[in-house]
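Reader: Could you help me look for empty space inside this protein? I'm new to this, so please go slowly.

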Amino acid sequence: MIGRRSFGKALGVGAGVVAAGPAGPWSVSAAAAPATAPAPGAHRAFVRPKQIRAGVLDVGYAELGPAHGPVVICLHGWPYDIHSYVDVAPLLAGQGYRVIVPYLRGHGTTRFLSARTFRNAQQSAIAMDVIALMDALKIERAVLAGFDWGSRTADIVAALRPERCKALVSVSGYLVTSLEANLKPLAPKAELAWWYQYYFSTERGRLALEDKTLRHDLTRLVWDTVSPTWDFDDATFERTAAAFDNPDYAAVVVHNYRWRLSLADGERRYDGLEKRLAARPTIPVPTITLDAERDPFTAPGGGASYRDRFTGPYEHRTLAGIGHNVPQEAPAAFARAVTDADRL
């Protein structure tokens with residue numbers, strides 16, 4: 001693989017970036033990015049996803065790069081799918097990484113092996129899906145990178161199973177859910193951004209998510225709202241929306257948000273893991289956290305609110321002008337964060 005300086009020169013950053021790390025702050029403007037830097041949306045699709053049985057799932061996933069390269073697992077959020085990484089994955093594969101991008105449970109071609117399995121989406125269950133996938137693929141350690149549900153999932157694996165996580169890239173920082181904290185109200189403006197969380201707590205919300213037309217319009221509204229500067233086209237959204245036709249999509253999404261608000265139970269077999277997560281465990285692996293400036297969920301303070309949760313080598317970066325779907329809106333900056341975290 002090429003060195004860090006030459007990799008950065010090849011990629012550019014695709015968006016204004018401000019970072020703070022051991023060497024002090026640095027910045028690169030969008031205008032400074034070379035003409036060869038790939039634009040978001042440069043790649044239209046992954047090849048047909050592979051499938052592998054892992055834990056309670058038959059997991060669909062995209063794979064790029066050399067079979068024996070160092071592994072990066074990229075984890076999407078809601079309402080998104082593996083195509084959040086359609087531009088990131090080729091960048092990393094081109095640097096010699098084996099890139100694995102799985103559909104989370106309830107999305108795309110990922111299916112439950114049994115109709116009797118509870119469609120659980122509590123945080124520890126999704127995190128253990130990643131461990132099961134790594135076991136099935138015989139991957140001992142990987143760099144984990146994610147946003148939204150993917151950040152939370154990667155954070156949990158890094159906290160509870162750090163021997164399996166070589167390094168971490170986490171958009172929005174430390175997202176481990178505290179059920180106790182979630183019982184407390186936020187400021188009204190912050191609550192407004194979570195409107196769909198409360199909608200899914202109602203029967204109306206569940207029915208809307210099960211209805212194909214309403215689901216389509218609801219998720220499109222979320223995209224428009226949380227990524228106000230991203231000029232994506234209809235085809236980009238439709239490509240991802242196809243992943244929402246999974247037969248378990250509504251059940252998984254509804255359970256995730258109801259569980260977070262203590263309106264739905266999880267499974268007892270995860271009680272031990274949830275007890276450990278309730279204590280807000282620290283993350284010891286090398287980490288880069290990313291804040292998106294135009295994401296309505298980005299906490300104020302430039303990462304200060306969660307800095308103490310990361311005890312290993314660490315950098316924080318803010319992406320100017322970028323919204324919630326960081327890897328798809330700023331693929332070069334996200335890919336650079338992955339390679340830099342791997343070298344911390």
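Author: Keeping in mind that this is a predicted model, we can begin with the largest cavity, which holds about 80 Å³ of space.

Reader: Okay, and how many cavities of 30 Å³ or more are there?

Author: The count comes to three cavities of 30 Å³ or more.

Reader: Which residues line the largest one?

Author: Its lining is made up of Leu57, Val59, Leu75, Pro102, Tyr103, Leu104, Arg105, Ile126, Asp129, Val130 and Leu133.

Reader: How do those divide into nonpolar, polar and charged?

Author: Nine residues of the lining of the largest cavity are nonpolar and two are charged, while no polar residue takes part.

Reader: And which element gives the most to that lining?

Author: That is α3, with four residues; β4 (57-64) and α3 (123-136) each supply at least two residues of the lining of the largest cavity.

Reader: Let's switch to the second largest cavity: what is its volume?

Author: The second largest cavity has a volume of about 70 Å³, and the residues that line this cavity include Ala121, Gln122, Trp149, Arg152, Asn256 and Trp259.

Reader: Which helices supply at least two residues there?

Author: For the lining of the second largest cavity, α3, α4 (149-160) and α10 (249-260) each supply at least two residues.

Reader: What about the classes in that lining?

Author: In the second largest cavity the lining consists of four nonpolar, five polar and two charged residues.

Conventions: Residues numbered from 1 in each chain as written. Predicted model: local features only at pLDDT ≥ 70, side-chain atom pairs only at ≥ 80, totals over all residues. Heavy atoms only, no water. 1 Å grid on protein atoms, 1.4 Å probe; cavity = no way out; pocket = protein on both sides within 12 Å on 5 of 7 lines; lining within 4 Å. Points joined across faces, edges and corners; volume = space filled by probe spheres on them. Nonpolar A, V, L, I, M, F, W, Y, C, P; charged D, E, K, R; others polar.
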